Every structure is written in C-alpha cells, then in structure tokens.
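Colleague: Could you walk me through how the elements of this model pack together? I would like to hear the reasoning behind each label.

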Number of protein chains: 2
Amino acid sequence: MVIGPVDTSNTPFAKLRTLPLDEVSLGEGFWYRRQVVNRQASLYHGYEHLERAGNFHNLKLTTGRVGGGYRGMVFADSDVYKWLEAASYELAARPDSDLRRMAEYAIDLVEAAQGNDGYVNSYWQVVQPGRRWEDLTHGHEMYCAGHLIQAAVAYDRATGNARLLSVARRFADYIHLVFGPDKRTGTPGHPEIEMALVELYRHTAERRYMELAGCLVDRRGDGSLGPGRFGSEYFQDHVAVREASTMAGHVVRQLYLTAGVADLYLETGEQALYDALMRQWSDMSEHHLFVTGGVGSLHRGEAFGEPYVLPNESCYCETCAQIASVMWNWRMLLATGEAKFADLMELTLYNGFLSGVSLDGRGFFYVNPLQSTGVDDNSGSTRSTRPEWFDCACCPPNVMRLIGSLGHYLATRDTQGLQVHQYAPATVGFEAHSGQRALLRIETEYPWQGTVRITIDETGDDAWQLSLRVPGWAEGASIHVNGQPWNAMPVPGTYVTVNRTWRVGDTVKLDLPLASTLVQGHPRIESVRGCVAIQRGPIVYCLEQADQAPSVDVMGVEIELTGQMRDSWQPDLLDGVISVQADGYAVESRPWQGRLYRPAEKDSGIVPQPISLNAVPYYAWANRGPNAMRVWTPATRTSQIT
Amino acid sequence: MVIGPVDTSNTPFAKLRTLPLDEVSLGEGFWYRRQVVNRQASLYHGYEHLERAGNFHNLKLTTGRVGGGYRGMVFADSDVYKWLEAASYELAARPDSDLRRMAEYAIDLVEAAQGNDGYVNSYWQVVQPGRRWEDLTHGHEMYCAGHLIQAAVAYDRATGNARLLSVARRFADYIHLVFGPDKRTGTPGHPEIEMALVELYRHTAERRYMELAGCLVDRRGDGSLGPGRFGSEYFQDHVAVREASTMAGHVVRQLYLTAGVADLYLETGEQALYDALMRQWSDMSEHHLFVTGGVGSLHRGEAFGEPYVLPNESCYCETCAQIASVMWNWRMLLATGEAKFADLMELTLYNGFLSGVSLDGRGFFYVNPLQSTGVDDNSGSTRSTRPEWFDCACCPPNVMRLIGSLGHYLATRDTQGLQVHQYAPATVGFEAHSGQRALLRIETEYPWQGTVRITIDETGDDAWQLSLRVPGWAEGASIHVNGQPWNAMPVPGTYVTVNRTWRVGDTVKLDLPLASTLVQGHPRIESVRGCVAIQRGPIVYCLEQADQAPSVDVMGVEIELTGQMRDSWQPDLLDGVISVQADGYAVESRPWQGRLYRPAEKDSGIVPQPISLNAVPYYAWANRGPNAMRVWTPATRTSQIT
C-alpha cells in the first residue's frame with residue numbers, strides 16, 4: 001500500500017508506479033526545511049484558524065448541541081478536510097501526539113456530523129436543511145465530499161485508522177446511490193471529487209467509486225451548469241470532456257478536472273481521454289504558462305484568459321491552481337513517463353507554488369503576481385504581503401497538504417527500475433522487478449548546487465535501471481558512475497538511464513550546470529516583450545526593492561543583456577538563498593502626470609546610471625514587508641546606451 | 001429646436017449650447033466622404049440586413065398577421081431604432097425620398113406593433129407574452145425603449161413628423177406608470193434609456209421623463225441585477241451611481257450609463273453626479289484607454305478589465321463602446337467646456353471608432369484589435385476582415401447614427417460666442433448673444449493638413465468670441481487673424497479665443513503642426529513596453545502587411561527611434577490617405593517550437609536588416625483582405641544594433 005496521495009501499484013495504464021511515502025524519507029535540505037515549517041508552524045496555525053473562522057463550529061452545529069450560526073463559505077468543510085489530509089502526511093512521516101489529537105478531534109466532529117444516510121456537509125445540513133443537491137452548480141457538496149475522501153484515504157494510509165475512511169465511504173456510497181449510473185444525471189460545479197473517487201477505488205478496490213467518477217465526467221458538456229455560455233465555460237461544462245482541446249474557465253476547476261480525468265485514464269486506458277488531456281496540456285504549456293509555472297491570467301472569473309495574455313502585475317496565478325497543476329502533471333507523468341511533466345512540476349513547485357506561503361509558514365498568498373508596486377491594493381485582490389488567513393481559505397490547507405506529501409513526488413518505479421524525478425536529499429527504497437529490495441541514498445544541495453550524488457546502500461543481484469531526470473534547462477549536464485563518465489549523454493528534457501547490476505556502495509553522480517541565465521518570452525506574450533527574467537536552474541528570480549541600493553527604484557531599471565551575472569550564497573538572507581547580481585542601469589523618465597501616452601523620448605539627455613541589480617528567488621519575495629517586486633525587467637545592451 | 005442627438009438650448013447646467021444640425025453643413029472633406037458612404041451605401045445595406053435578419057419580420061409578428069417565428073437577439077428591435085435614428089440625421093441634411101419611404105415603412109411596423117397600453121417590444125410580445133418586465137436583468141425592454149425614444153426624437157427633429165414620437169411617448173408614459181417614482185423599483189440591465197428619457201424631456205418639456213431617468217439611475221447599486229458580485233458589476237449595479245469611482249463591468253453598459261448620468265447632471269446640476277463622473281473619467285483616461293481612443297480590454301464580460309492591462313491582440317474595443325465614449329465625452333464637454341473631452345472625442349472618432357466600418361460602408365468590426373496575425377480566429381471573436389453584419393448587430397446601425405450626426409459635434413455656442421471643437425470643412429451659423437446672427441466658413445484639409453481657415457461670412461456689430469480647440473498633441477500651434485499673429489498663444493489642450501468685433505470677410509487661420517510622431521506608452525502598460533506607435537495629428541497609424549516589402553514579416557520588425565519619418569499623400573490608397581514611412585529593421589528570431597520561454601539571445605549573430613516601414617492610418621486597415629497588422633512596434637536605436 002502506498003502512503004501518499006496516489007497509489008498506482010495496481011493501476012493498469014500507469015507507466016510508473018508510485019512509492020509508499022514511508023519508502024521515501026527526505027533529509028536535511030530545501031524541501032525538508034519547508035516540511036519542518038509546515039509541521040511546526042503551518043499545521044498548528046491552520047488548526048487555530050479553522051477554530052477561529054468557525055469551520056469546526058459549523059460541523060458542531062449539525063448535531064444541534066451548540067448554538068450560533070453557520071460561518072464562512074459554503075465549502076468551509078473542505079478546509080477541515082484539506083487540513084486533515086495535510087496532517088495525515090506529517091503523521092505518516094513521524095508520530096506526533098499533539099497533531100494526532102487535533103486530527104482525532106476534527107474526525108470526531110465529522111463523524112458526528114454525518115447523517116444516517118451518509119450525507120455530511122455542514123452548510124447544507126445547517127443552513128439549507130432539506131435542500132441538498134438542489135444547486136449542483138454552486139453547492140460544493142461533491143467538492144467537499146471529494147476532499148473528505150482524499151483526507152480519509154490519506155489518514156487511513158498514514159495511521160491505519162479507518163474511522164474517517166468509514167465516514168467517507170458511507171458518503172461516497174450515498175452519492176453513488178443518488179448520482180450513480182442510471183440515477184440522477186448531474187455533475188458538480190466544482191470538480192475535485194473525480195480524482196478522490198478514483199483514489200478511493202484504488203484504496204478499497206470497490207469499483208463503483210471509479211464508476212461514479214466516470215459518470216460525473218461523462219455528464220459534462222451539456223451546459224447544465226451555470227447560466228449561459230460564459231457560465232458553463234467557467235464550470236468546464238461548455239464542452240464534453242473528450243472533445244476539449246483547450247484549458248478554459250476557472251483555473252482550479254479546470255485543473256482538478258483534468259487531474260481526475262487523468263486518474264480515469266490511468267485506470268481505464270481510454271484513448272479519447274488521453275488525447276483530450278494531451279491537447280489540453282499543449283494548450284496550457286504553449287499559451288497559458290507564466291515563467292514561474294503559474295497559470296491563471298484573469299482575476300475576473302479566476303480564468304485562464306486568452307492565449308499569450310500573461311500580465312505580470314494583474315495576473316491571478318492562484319496558489320491552489322499551482323497545486324492543482326502539480327497534481328495533474330504528476331498523473332500525466334505516471335501515465336506517460338515523459339520528463340516534460342516532471343519539468344513543469346519542478347518549475348511550479350519552486351516558484352509559482354512556493355510563493356504562496358511565507359517563509360515562516362504563517363502567511364499565504366491567494367494571488368501570486370509577477371510584478372507588484374509594493375502597495376496593497378484596496379480591492380484586496382493584489383497584495384504584496386501574505387495574509388494569515390482568508391475568508392475563502394482554500395489555499396492555506398492546500399499548501400499544507402502538498403508540502404506534507406512532497407516526498408511522494410520524488411521518485412517512482414516501473415518493471416525496469418527506479419526513476420528519480422525531483423532532486424532532494426533523501427533515502428529511497430523500492431522493490432526492483434525481481435522482487436529484490438534496493439535502497440538508495442541521494443545527497444545534493446539542490447536547487448542551489450547542481451550535483452546529485454546517489455549511493456546504492458542496498459540491492460539484489462539482478463540488474464535494474466536507475467533513471468534520472470535531466471531538466472529541460474540543464475544544457476551540458478554530465479553523469480558519472482563510480483567516478484567514470486557514463487556512456488549515455490544526459491539530454492535535457494529526458495531521463496538518463498543507467499542500467500547495470502548494482503553493487504552496494506556504487507555511486508552515481510549527476511551534474512546539472514546551474515548558471516544564472518537571462519530568459520526571454522515568446523514574441524506574442526506582449527507583457528514581457530523586450531524584457532528578460534533571471535533563472536538559475538529551476539529557480540526564477542525577482543528584483544525586490546529591499547535588495548536594491550536606496551537610490552534605485554526597482555520600477556525604473558534595465559538589465560544589461562551582455563553583462564556578467566554573479567551569484568553568492570547568502571546564509572542569513574531569506575532562510576538562506578543564492579542571490580544573483582546583474583549589471584543594469586537606473587533609467588530616469590519624465591513624470592507621466594496621469595497620461596497614458598506621449599511622444600517618445602529619442603534621447604532623454606539623461607545618461608542611464610550603471611548599477612548593480614540584486615535578485616532573490618521569486619518564491620521568497622514579500623517576506624520583508626510591503627515591497628515593490630518584478631520578475632521581468634527591460635533588457636538593454638551596453639552599446640544601446642547613447 | 002436643435003436637430004441632432006442633444007439639445008442643450010435650455011439646459012441650465014450646460015456651459016455650452018448645441019447647434020441645430022441644419023446650422024452646420026459639412027463640406028467636401030474627410031468626414032463628408034464618410035457621410036456620403038453612410039448615406040449611399042451603409043443605410044441601404046443596413047435596411048437590407050434588417051429585412052434579411054428578420055428584424056422587420058419580428059415587428060410584423062406582433063400583429064399576428066404574418067406567420068413564422070421570432071428571429072435574432074432579444075434586443076433585435078433596437079437595431080431598427082438605431083437605423084431609424086441614423087436615417088433621420090441623413091434626412092435632416094437633405095431630402096431623400098427613397099430613404100424617407102424606407103423609414104416610414106419601419107415606422108409603420110413599430111406603430112402597428114405598439115399595444116394599447118403603449119408597450120412595444122417584439123420579443124416580449126411574441127415570444128414571452130404576458131411576461132414583460134419579468135427579467136429586467138437580461139430583458140432589454142428599457143434598452144430598446146431608449147433607442148426607440150432617441151430615434152423618435154431624431155425623426156421628429158429631422159422631418160417634423162411626430163408619428164414615431166407619439167409611439168415613443170406612449171411607451172415612455174407607460175414605463176413611467178410602471179417604474180416611475182413610488183412605483184415598482186427596478187432598473188434595466190442595459191443602460192441606454194436614461195439619456196433617451198432626458199432628451200425626450202428636452203424635446204417635449206415633459207418633466208416626468210427626466211424624473212423617470214433619475215429613478216432608474218438612483219436605483220443602481222443594490223446588486224439586484226444579475227447573480228453575485230461579478231454579475232452586478234457587469235451591469236453597473238455593484239455600486240451606487242454617486243459612489244462610483246471607477247469604470248467597471250461591461251463597457252458599453254458603463255458608458256451609456258455615464259452618458260445618461262451626464263445628461264441628468266446637465267439638467268439638475270447635482271454635484272454628486274458631477275463628482276462621480278469626473279472620477280470615472282479620470283479612471284478611464286488614466287487606466288483604460290488604448291492609444292486609438294478605444295476602451296474595453298476583455299472579451300470575457302466585454303469588460304474594462306484591470307488598470308493598465310491593454311493588450312494589443314486580444315483587446316475588445318467594441319465599436320459600440322467607442323460610440324458610447326463619444327456620446328459621453330460630448331456631454332462632459334457640454335457640461336464643462338474643457339478641451340480634454342473634445343480631444344478624446346477626436347482621438348476616438350478618427351481611430352478606435354472609424355476602424356469599426358470598412359471604407360465601402362458595407363463591412364463592420366465588432367472588435368477592434370490593435371494587432372492581428374491576419375488570420376481570422378475560429379472563435380469568431382477576433383477577425384481581420386469586417387463581416388457584412390452580425391447575429392448581434394448592435395454596432396453597424398450605431399456606426400450609421402454617429403456618422404450621420406457628425407456635424408452635431410463640430411461646434412457649440414455660449415453667451416460669449418462660438419466654440420469650434422472638431423475641424424472639417426463646413427459652414428456654421430449661430431446666434432450670437434446679442435441675438436445677432438453670424439455665419440462662418442471653415443476651410444481645411446484636416447486631418448491631413450493642419451491649417452484651418454475660418455472666414456466670417458455674416459456677423460452683427462457686437463463683439464463675440466471665437467474659440468478654437470488646440471488639440472493636446474498640437475505643440476507649436478499658431479494663430480493669425482486677418483494675416484496678423486494673434487496676441488494669444490495657442491496652448492495645446494485648451495481653447496484659443498479670439499474676442500473682437502468681427503467684420504464680414506475677417507479671417508482666422510489656425511495652424512496645427514502635423515508631424516509624424518513616435519508615441520510611447522506609460523511604463524505600467526505592459527503590452528506596449530519598449531514599443532512605439534506612429535501618430536500624425538489625430539491619426540494613429542499601423543503597419544499592415546500589405547504595405548511592406550514582400551520579404552518583410554510585419555511581426556518581425558523594429559522601428560528606428562532616431563530615424564526620420566517621411567509622409568506622402570496617396571490619393572489612390574485606401575480612399576486617399578497620407579502614408580508614413582519610417583526607418584526600421586527586419587529582425588530574425590530562432591523558431592520557438594511551441595515554447596513560451598527560452599534563454600535570451602545576447603547576440604543572435606544575425607545583423608538586423610535595415611528596411612523601410614510603411615504605415616497607413618489604423619482606421620483604414622483590413623480593407624484589403626486578411627492581413628497582419630500592428631499599431632505598436634518594438635523601438636530600437638541605430639547604436640543599439642550590435
């Protein structure tokens with residue numbers, strides 16, 4: 001049994017099999033430190049806020065034994081479930097009696113809230129009794145059920161305690177009774193339950209859960225969700241799942257749906273689902289991706305928006321969308337074994353996702369812009385400081401469950417051997433195809449240094465393959481086995497495979513050249529035209545006002561395209577980062593005085609001032625108070641300065 | 001009585017009084033030629049399409065004397081009314097028995113369709129009998145009524161025939177009965193009737209029409225229109241009119257509303273309305289304006305979108321929005337006498353508006369992008385050729401009514417004298433404050449040449465002021481009276497005033513320097529960063545593929561920032577235009593192969609090829625088949641080319 005979000009041990013169309021969480025143990029390093037903060041700060045912080053915001057109280061209201069009114073969003077229960085799922089992954093990694101007690105308390109509430117028929121949803125039980133399932137478009141009942149199921153599976157896998165699983169199964173059975181084959185046609189306004197049901201099937205071997213997921217997916221595309229064409233696209237109900245060729249509508253909804261559809265494909269092997277997913281993935285990666293891995297251009301409708309329209313300052317890039325993207329890409333990777341999905345997971349994890357949480361684990365971004373004036377917008381939608389919590393608190397516990405389960409995404413196995421997708425200090429155990437057990441030790445300072453050393457600590461006598469992802473950015477990578485150059489050249493964007501009969505003590509060294517690089521965008525991305533971003537390995541950098549000389553306005557600078565870049569390890573900066581220095585210029589401009597257009601300055605007469613620009617990782621911005629920030633900066637060449 | 005859309009003869013808070021259309025006679029020139037095409041082609045073309053699309057048929061259905069079903073949009077009647085209004089302005093200018101007969105035919109249908117209680121709306125009468133006013137959000141009943149009223153006032157003013165006016169008054173009286181003070185609270189999902197009702201008041205002196213407009217405006221802001229917050233913003237129902245500080249939601253709705261609110265201010269002088277309008281105007285001009293004068297960034301929701309987000313290729317810039325902007329700015333000009341409103345009208349008329357109609361008057365853009373790949377998008381939303389008509393045909397007859405009434409916007413009077421706002425060959429008569437009549441002859445090749453000659457052909461003995469707008473772009477303008485420099489320097493963005501006792505034969509010559517200029521955008525407009533646009537006087541230019549050398553891809557060029565620009569009159573190009581030649585470069589780029597980001601080329605090794613770029617007025621693009629086009633082009637300096 002796999003402890004972790006996805007178990008493809010017996011999944012027929014999975015090219016790759018997931019590893020149990022207890023087979024992957026992260027060691028001291030980049031992600032380990034994020035997990036420590038998650039366990040020591042975020043989970044307690046989250047529990048407190050669930051208490052304070054009324055989420056637990058809402059569940060208590062269902063029993064009629066406490067007074068007061070329902071509080072928060074219609075889907076408030078899902079925050080509890082996501083928190084429980086996050087707690088489960090931490091409990092799987094190490095016992096923690098406090099955390100266990102908190103989890104049991106929450107489970108008590110959920111258990112008590114469940115009705116005799118299996119239904120549980122505090123909003124509909126308390127606020128709209130007798131009206132369940134009347135508003136599939138906005139009701140979020142199946143959405144909450146999906147999160148309940150995912151939490152229950154995770155808790156059972158982590159602790160062996162099936163109490164929450166029983167609750168979840170009763171609810172799933174009841175939903176099957178109402179919405180199963182030949183029953184009421186209907187599908188939820190917010191996808192999420194689809195992947196949960198497939199995982200419940202994987203965990204229980206009860207086929208009707210997957211069958212129900214299939215029904216819900218099959219029913220999309222008739223426009224019954226939401227009013228009008230605009231509305232149905234928002235809910236991914238404007239086109240049948242198998243006909244889809246673009247990513248459309250509300251980003252999180254779309255990505256949870258594609259993740260669930262990928263789960264269905266993994267179990268059924270249906271070509272039409274695979275083809276649609278591939279078309280949609282191409283659409284996303286070719287038209288809708290920010291350089292941070294973020295997706296979601298529009299605040300209005302929280303939508304993908306038009307192709308190539310990727311505004312830096314006004315983009316949405318909701319943290320939950322980045323999490324959903326990781327979940328979908330993981331399933332695509334399991335289905336195909338293709339490195340591009342793991343590449344995008346890496347890009348998203350280190351940048352668009354990680355910017356969603358503060359370094360202390362107690363602040364969260366809902367929206368992740370790529371540029372900020374450093375002034376918090378009154379509308380509350382664009383911020384340059386991370387709030388502690390939200391009225392709509394979907395993101396914080398979502399961050400917690402992803403960070404808690406990061407070990408799950410490091411490696412997989414197949415009949416040939418082991419694949420390492422993400423690099424972090426870790427020990428990884430797995431069963432090779434012969435049934436013989438192997439154990440590897442991974443040592444690396446990744447993402448700050450590009451050397452990954454792998455030592456075989458345990459192995460059988462039969463040959464097996466070790467496949468290592470060579471990231472798409474890693475031009476010039478090299479690989480050594482036991483100190484000797486290996487005969488396969490690592491090709492960026494693929495896996496390099498070492499196939500041999502291993503001996504204990506064998507070492508593999510992968511060197512990924514990490515150079516600070518200036519990146520440019522496709523000419524049709526109007527918002528980055530003439531600009532460059534700094535990237536070093538998987539880390540995208542930004543210029544934050546706090547790191548510049550006092551006289552420099554970060555919004556009035558240019559980067560020298562032909563300059564040298566210097567990087568240096570800063571142990572005391574932002575929990576320890578490599579910062580990058582680049583040559584640039586301070587450019588002055590006449591004030592604009594409210595105008596939007598004016599005659600161009602052919603020669604301003606002001607000589608641009610050579611300056612040094614200091615860049616820090618994008619994920620770490622906004623940890624030092626309100627602060628202007630930019631990822632993309634206009635580029636110039638020395639010879640261009642007249 | 002003023003023949004024209006707005007009559008401020010007796011409007012207490014109008015700084016400027018509108019002139020009767022028959023006092024302003026356009027002579028051969030830029031706008032005159034558009035009016036000829038409007039009269040000879042567009043109006044007949046429109047009538048045919050109204051017939052073909054079923055708009056007349058829908059009206060016939062109300063009498064039950066023809067068979068068949070209702071066709072088209074719920075607001076199909078409004079297309080008929082807009083066409084009637086357009087026909088009225090042409091009939092005011094010159095008799096035309098064919099056009100008169102067509103108009104009378106349409107009026108017959110409207111008259112026959114009207115119920116005994118005054119209600120007339122073919123959709124609700126035919127398709128939803130007995131359900132009128134049940135869906136104020138989407139029903140468009142008051143919207144159609146507004147257009148009926150505007151058409152009726154125009155027809156009565158133009159022809160002296162009050163038949164349609166009687167229909168309109170009966171309907172307005174009935175609406176007052178249902179929605180007047182102390183009656184049913186409700187306001188329409190699509191503003192438009194507000195300005196119509198105020199004009200009906202101006203035309204009939206019947207105060208209750210204005211009172212009703214006030215009720216409808218006062219009722220906004222309670223969120224009763226549309227579902228949820230997103231919905232109510234779309235309908236401008238998320239904030240009370242007097243509290244508004246931004247332009248928000250559906251652009252045409254917002255602009256028709258502000259136009260109506262401006263009309264209310266003009267009649268009531270209420271400061272809170274004025275203050276809100278001024279805040280909203282600043283928001284629009286400082287955050288939402290394209291260089292063409294266009295507004296509307298988002299296809300989805302046809303909305304303004306975020307501040308500074310002004311994408312070139314994916315913008316909306318609906319033709320109707322530009323028309324609505326002209327209507328609103330005209331009322332703001334009448335209220336304030338400030339040149340900035342006339343400046344924006346000019347910019348919008350020559351560019352963002354005029355691109356909405358083909359040179360032959362038989363093709364129309366709904367969406368006016370500032371960049372196009374030249375390939376018609378399958379979605380139908382972004383096009384590079386102008387369709388003959390639309391299922392939602394709001395724009396074509398709206399274009400016709402604005403072109404037909406252009407003379408209305410040229411000049412105004414006040415107690416001191418005459419103000420000339422827009423320049424075109426014309427004769428303008430008016431009554432000076434003393435009651436004495438004056439007649440001016442304006443001669444100009446504007447917008448191709450910047451000299452405006454005004455001759456006094458008739459005047460009384462008392463002194464009066466002649467005020468001439470000096471456009472904001474006209475640095476270095478000069479003015480002569482009877483060949484002598486006048487003692488007031490023309491300041492761009494203001495009016496220069498000549499106050500004297502005029503004699504017949506006196507001449508005033510205003511010289512507005514028309515130089516081809518490269519324009520840059522505010523740094524926060526990400527989509528134009530590093531780019532320039534060519535502007536010459538009020539005309540914004542574009543690079544169209546058809547005008548470049550065959551080897552040049554218009555999407556792969558740069559403009560030389562320090563180069564010379566040459567312009568030349570091209571009598572046979574695009575109905576006669578001044579084209580502009582600029583120095584530039586053809587830049588080659590490695591293919592992108594579906595990627596969105598890649599390491600920047602520090603030195604591509606390919607020397608940019610010096611080329612000559614040929615620009616034509618933006619309004620005239622897409623008259624030669626599908627064709628790539630761009631308004632904004634990356635700028636470079638010779639010395640920047642390494």
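Colleague: Why is the crossing of α6(A) and α8(A) called left-handed?

Modeller: Because a crossing is left-handed if the near helix is turned anticlockwise from the far one by less than a right angle, and right-handed if clockwise. For α6(A) and α8(A) the crossing is left-handed, with an angle of about 30° and axes 8 Å apart. Axes are lines fitted to C-alpha atoms, for helices over the stretch in contact, and angles run from 0 to 180 degrees between N-to-C directions. Helices (H or I, at least four residues) and strands (E, at least two) are DSSP runs, numbered from the N terminus.

Modeller: Before we go on, this is a predicted model: local features need pLDDT of at least 70, side-chain atom pairs count only at pLDDT 80 or more, while totals for chains, interfaces and linings use all residues. Residues are numbered from 1 along each chain, chains are lettered from A, and side-chain values use heavy atoms without hydrogens or water.

Colleague: Which residues in α6(A) meet α8(A)?

Modeller: Among them are Ile149(A) and Val153(A), and α8(A) contributes residues including Leu197(A) and Leu200(A); contact means heavy atoms within 4.5 Å.

Colleague: What makes β1 and β12 of chain A edge strands?

Modeller: Each pairs on one side only, where pairing requires at least two DSSP bridges between two strands. The open sheet runs β1-β4-β5-β9-β12 (chain A).

Colleague: How do you know that β4 and β5 of chain A pair?

Modeller: They share three bridges, in the antiparallel sense, so the requirement of at least two is met. Thr412(A) stands opposite Gln419(A) there.
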